[in-house]
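Student: I have a protein model to look at, and I keep meeting words like "buried" and "disulfide". Could you help me see where such words come from?

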Amino acid sequence: MFDVCPRCGMWSVEREVREADDDDSGQWAIAVCPACGDQVRFRRLPLFMIVGASGSGKSTLCLSLVHRLPDHVVLESDVLWGTVGADAAGGYATYHNLWLRMVKNIHQAGRSVVLCGIAQPDQIETLPERRYIGSIHFLVLVCDDEILAARLRARPAWRQSADEAFVQQAVRHNRWYAALAVEGRDDVTFLDTGALGAKGVGDAARAWVLARS
């Protein structure tokens, strides 16, 4: 929305971002053009990211939250998969950065985004578009390996998730997410989707978002 300066026409993503001095809500910030110093006022709202391995319950939860959080924009990051570039060698940084750009623009309508998908918290923090987002909160979905594997094997054949190599990769990914718990990060919350039914998971995720909105 404001990567191109309205005054001089300079294109720049990595602008200096300052707090808006006249804002008591904490929602507004200023992006400064590095070429001419022009200042653009914009909303910098919190982002809620729901992440986890394949089979952890992200898609089911995302659909539930659409109805549970009418004042937020709930999206699944896979909607852009296959339509834009995704560099596996670079940890999919360009793909995630594009999503942050999308989020930045959606936030200008005054509604925070809840984004469900696969992402690594540390990687998100290093992306150029990160500066235009407020606080980012991560809800990590995990479950027991056996539950995860059973979910993947029970999916319809067209999803091609029952292959043993795919299942084992997802199990390793699930363990990687679970290991984040030992870091004690304030921006990461864990939710065991195997211990709760779909309603319980939805209720817990809704409460998590509203407590941080």
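Tutor: Let us go through some of these words one at a time.

Tutor: First, some ground rules: this is a predicted model, where local features need pLDDT of at least 70, side-chain atom pairs count only at pLDDT 80 or more, and totals for chains, interfaces and linings use all residues. Residues are numbered from 1 along each chain as its sequence is written, and side-chain values use heavy atoms, leaving out hydrogens and water.

Student: Why is S12 called buried or exposed?

Tutor: Buried means under 20% relative accessible area, exposed over 50%, and partly exposed in between (1.4 Å probe, protein chains only). S12 has a relative accessible area of 10%, so it is buried. This residue lies in the segment before β1 (16-19). Leaving aside neighbours within four places in sequence, S12 is in contact with D3, P34 and Y132, where contact means heavy atoms within 4.5 Å.

Student: What about A204: which word fits its relative accessible area?

Tutor: The value for A204 is 31%, so this residue is partly exposed. You will find A204 in helix α6 (residues 198-212).

Student: What makes a stretch a helix or a strand?

Tutor: Both are DSSP runs, numbered from the N terminus: helices are H or I with at least four residues, and strands are E with at least two. Counted that way, the protein chain has six helices and eight strands.

Student: How many disulfides are there?

Tutor: A disulfide is a covalent bond between the sulfur atoms of two cysteines. Here the rule is a pair of cysteine sulfur atoms within 2.5 Å. By this rule the count is zero. Take C36: the nearest cysteine sulfur, that of C5, is 3.6 Å away, and C36 is in no disulfide. For C143, the nearest cysteine sulfur belongs to C116 at 16 Å, and C143 is in no disulfide either.

Student: And are C36 and C143 buried or partly exposed?

Tutor: C36 has a relative accessible area of 30%, so it is partly exposed. C143 has 7%, so it is buried.

Student: How do you know whether the radius of gyration agrees with that of a compact globule?

Tutor: The radius is taken over C-alpha atoms, and the globule rule is 2.2 Å times the number of residues to the power 0.38. With 213 residues, the rule gives a value near 17 Å; the protein chain has 19 Å, which agrees.
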